Amino acid sequence: MAPKFQGVDFYDVDALLSEEERAVRDTVRAWVDDNVIPVIGEAYVAGHFPTQLVPGMAELGLFGANLPEEYGCAGLDNVAYGLIMQELERGDSGLRSFASVQGALVMYPIYTFGSEEQKKQWLPQMASGKVIGCFGLTEPDFGSNPSGMLTLARETKAGWVLNGAKMWITNGSTAHVAVVWAKTGAIDDPESIRGFLVPTNTKGFSAKDQKGKLSLRASDTSELVLQDVHVPTEALLPQSAGLKSPLLCLTQARYGIAWGAVGAAMACYDEAVSYAKNRLMFGKPIGGFQLQQARLAEMLTEITKAQLLCLQLGRLKDQGKATPQQVSLAKRNNVNMATEVARETRRLLGANGILAEYQAMRHLANLESVYTYEGTHDIHTLILGQEITGISAFG
Amino acid sequence: MKIAVCIKRVADSETRVKIGADGKSLDEAGVKFILNPYDEFAVEEALQRKEKAGAGEAVVIALGPPQAQETIRTALAMGADRGVLLQTDEVPADGLETAKVLAAELKDGGYDLILFGKMAIDDYNHQVGPMVAELLGLPCVTTVAHLEIAGDSGTAEREIEGGVEVVEFPLPAVLTIEKGLNEPRYPALKGIMAAKKKPLDVKPVTPGGGCGGGRGGGRVEVVARVPPPERKEGRIVGEGAAAVPELIRLLREEAKVL
């Protein structure tokens with residue numbers, strides 16, 4: 001049996017966590033050790049999401065864990081929520097993506113923009129994993145610029161009719177319900193964008209698995225097509241108003257990604273250290289060579305910085321002070337950092353580094369998606385550029 | 001069904017422990033402490049028995065320093081109803097002193113079952129459970145690997161050399177639990193949040209009445225702790241089938257395992 005994961009904590013960051021936060025982290029860590037690590041390599045190569053893990057995640061209470069207990073959620077603070085994301089992504093980015101979408105991109109908008117009836121109908125079922133959700137914002141031709149979306153919602157006597165296509169939708173083929181963002185007004189009016197809760201068995205709704213992925217292989221990524229999809233009036237998320245509503249959801253998800261990336265980096269660093277100590281070359285462990293030591297020192301430094309960044313961001317978020325720009329900085333820095341750590345681990349492992357038996361290349365390939373989704377690295381650069389100078393460099 | 005589970009805070013066996021400067025204590029810096037893994041099985045068993053009975057109470061009791069409250073809360077997060085910390089700065093090296101303090105707490109509790117892990121992974125003593133049973137005048141079954149309870153009696157299976165021993169006992173009884181009796185649950189997030197609100201009594205105690213030569217009172221004293229010797233480097237005696245005779249000779253004459 002593989003040794004249990006001990007985390008990376010060079011600066012005694014644990015001392016900055018509350019007892020509950022540590023307990024939450026430890027319980028998810030142990031669960032990932034026992035349930036994810038033994039199966040994830042195979043699921044990745046086979047190219048399927050390990051759906052058998054969903055009931056276990058739900059039982060622990062991982063879905064929408066920072067939403068209130070009255071809706072069947074755990075009511076955790078944002079640091080504990082972040083630690084959950086960290087530990088899940090230590091297992092695999094696909095697993096963390098699943099939880100991010102379920103919690104931050106579906107449960108969160110229902111909680112924030114939904115009516116009391118919608119909250120009561122959907123949130124407890126989603127917390128218990130009985131209902132899986134997906135989030136439809138990105139379109140084939142509109143990724144970084146969602147305001148250009150072509151999906152339309154038109155009011156009818158009985159409700160709404162939706163037409164359009166969405167792409168790169170995590171959980172798309174697995175989901176029972178989709179949060180679909182569509183323009184209710186003119187095609188050039190992003191202020192008319194509103195959210196709709198669309199059961200995926202509604203006539204005219206179809207999802208198609210996106211084939212040929214070399215990244216996030218243990219995750220369901222699908223294309224959604226909505227062709228004259230009729231939904232009742234109650235399908236509208238009443239408080240959603242304009243493009244800022246889906247962007248608010250993305251800020252939630254990006255916050256979790258900033259933590260998740262630290263988990264992926266920790267997994268790689270842990271693997272790199274163990275390999276460097278055990279792999280003998282020229283009669284000594286490769287960890288005894290300066291080049292490998294430089295790699296490891298760089299990894300530990302960057303992970304430690306990213307950890308502290310997340311923690312302070314989480315504390316700010318709990319105080320209601322975190323800005324979307326601060327979240328952008330953390331997502332941008334941490335995902336890039338994790339990608340570098342995964343790449344350097346892959347290289348340190350030599351030829352073994354390309355095998356699915358080790359974690360590094362799987363994490364590396366995953367992180368290339370994470371680098372691009374939820375606001376690409378470049379877009380976050382522009383968000384920060386605008387924040388610094390006051391001048392928008394978009395478009 | 002009212003069940004007590006006696007638990008212990010121990011150093012995580014996955015962390016690398018260092019001996020303190022005095023040569024006999026544990027250097028606690030950087031060491032993670034956990035609920036003794038055998039006690040996890042005992043807690044799980046108590047929860048399952050209570051759930052099966054549909055009523056009752058699962059109480060966790062620990063002797064230990066103030067930090068053992070966190071260990072108790074781990075068990076509360078799993079689902080136990082309340083906790084009692086018998087607080088002392090030093091856990092006695094003498095198992096009998098620990099047993100006396102626990103027995104005094106358990107005596108008037110009206111418990112149907114008192115469960116322990118079969119041993120603590122820090123001292124490997126296997127002592128406290130049977131000693132508590134003796135002090136309370138209760139039957140004791142150790143290393144329980146399978147358990148049936150019906151009415152006011154129970155049947156336990158113990159894994160013994162080459163087979164299984166089946167033991168019947170009346171309730172109340174003291175049982176020490178072997179790993180594998182059940183699959184301990186993970187403390188769920190709601191459980192972790194609920195644990196904060198469950199009652200946890202802290203009662204200061206003085207094991208051994210403060211006398212005796214041993215650490216924390218009692219007649220047993222730890223005089224030294226020594227890490228295991230460094231493992232010697234392995235050696236390759238040859239390759240393929242040709243190496244077998246030499247390997248057998250070394251296993252027989254040098255390692256003396258054949």
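The exercises below, each with a worked solution, concern a predicted model with chains A and B.

**Exercise 1. Describe how helix 3 and helix 4 of chain A pack against each other.**

Solution.
- Step 1, what to determine. Two packed helices are described by the angle between their axes and the distance between the axes.
- Step 2, the geometry. Helix 3 spans residues 78-91 of chain A and helix 4 spans residues 93-113; their axes come within 7 Å and cross at roughly 150 degrees.
- Step 3, the orientation. Angles over 145 degrees count as roughly antiparallel, so helix 3 of chain A is roughly antiparallel to helix 4 of chain A.
- Step 4, the residues. Helix 3 of chain A contributes A:Y81, A:M85, A:L88 and A:E89, and these meet A:S93, A:L95, A:R96, A:A99, A:S100 and A:A104 of helix 4 of chain A.
- Step 5, the composition. This contact holds 6 nonpolar, 2 polar and 2 charged residues.

**Exercise 2. Work out the layout of the open sheet in chain B, then place helix 1 and helix 2 of chain B on it.**

Solution.
- Step 1, the order. The sheet has 9 strands in the order 11-10-9-12-8-1-6-7-13, with mixed pairing.
- Step 2, the edges. Strand 11 (163-170) and strand 13 (200-204) of chain B each pair on one side only, which makes them the edge strands.
- Step 3, the twist. On average, neighbouring strands are turned by 30 degrees against each other, direction ignored.
- Step 4, helix 1. Residues 37-53 of chain B form helix 1, which packs on the sheet and touches strands 1, 6, 8, 9 and 12 of chain B. The direction of helix 1 makes about 170 degrees with that of strand 1 of chain B.
- Step 5, helix 2. Helix 2 (residues 68-78) of chain B lies across strands 1, 6, 7 and 13 of chain B, and runs at about 160 degrees to strand 7.

**Exercise 3. Characterise strand 6 of chain B by its pairing and its burial.**

Solution.
- Step 1, pairing with strand 1. Strand 1 and strand 6 of chain B pair in the parallel sense over 6 bridges. Here B:I3 stands opposite B:A58 in strand 6 of chain B.
- Step 2, pairing with strand 7. Strand 6 (residues 57-64) and strand 7 (residues 82-87) of chain B also run parallel, joined by 6 bridges. B:V59 has its bridge partner in B:R82 of strand 7 of chain B, and B:I61 has its partner in B:V84 of that strand.
- Step 3, burial. Of the 8 residues of strand 6 of chain B, 7 are buried.

**Exercise 4. For A:C268 and A:Y255, state the location, the burial and the contacts beyond four places in sequence.**

Solution.
- Step 1, location. A:C268 lies in helix 6 (residues 244-278) of chain A, and A:Y255 is found in helix 6 of chain A.
- Step 2, burial. Buried means under 20% relative accessible area. A:C268 has 0% and is therefore buried; A:Y255 has 1% and therefore counts as buried.
- Step 3, contacts of A:C268. This residue touches A:V341, A:A342, A:T345, A:A360 and A:H363. A:A360 is 92 residues from A:C268 in sequence, yet their C-alpha atoms are 5.5 Å apart.
- Step 4, contacts of A:Y255. The contacts of A:Y255 are A:N78, A:V79, A:Y81, A:L313, A:G314, A:K317 and A:V327.

**Exercise 5. Identify the backbone exceptions at B:P172, A:F282 and B:T143, and give the setting of each.**

Solution.
- Step 1, the reference. Most residues other than glycine have a negative phi, and most peptide bonds are trans.
- Step 2, B:P172. The peptide bond joining B:L171 and B:P172 is cis, with omega about -5 degrees. B:P172 sits in the loop between strand 11 and strand 12 of chain B.
- Step 3, A:F282. The phi of A:F282 is near 50 degrees. A:F282 lies in the loop between strand 8 (280-281) and strand 9 (284-285) of chain A, and is exposed because its relative accessible area is 76%.
- Step 4, B:T143. B:T143 has a positive phi of about 45 degrees. B:T143 belongs to strand 9 of chain B and counts as buried because its relative accessibility is 16%.

**Exercise 6. Summarise the interface between chain B and chain A.**

Solution.
- Step 1, residues. 14 residues of chain B are in contact with 25 residues of chain A.
- Step 2, area. The two chains bury about 1600 Å² between them, 56% of it on carbon and sulfur atoms.
- Step 3, main contributors in chain B. B:E14, B:Y186 and B:L189 lose the most area to chain A, together 41% of what the chain B side buries.

Methods
Residues numbered from 1 in each chain as written. Chains lettered and ligands numbered in written order. Predicted model: local features only at pLDDT ≥ 70, side-chain atom pairs only at ≥ 80, totals over all residues. Heavy atoms only, no water. Axes fitted to C-alpha atoms, helices over the stretch in contact; angles between N-to-C directions. Helix = DSSP H or I, 4+ residues; strand = E, 2+ residues; numbered from the N terminus. Parallel < 35°, antiparallel > 145°, perpendicular 65-115°, else oblique. Contact = heavy atoms within 4.5 Å. Nonpolar A, V, L, I, M, F, W, Y, C, P; charged D, E, K, R; others polar. Pairing = 2+ DSSP bridges. Buried < 20%, exposed > 50% of the residue type's maximum accessible area, 1.4 Å probe, protein only. Buried area = accessible area lost by both parts, 1.4 Å probe.
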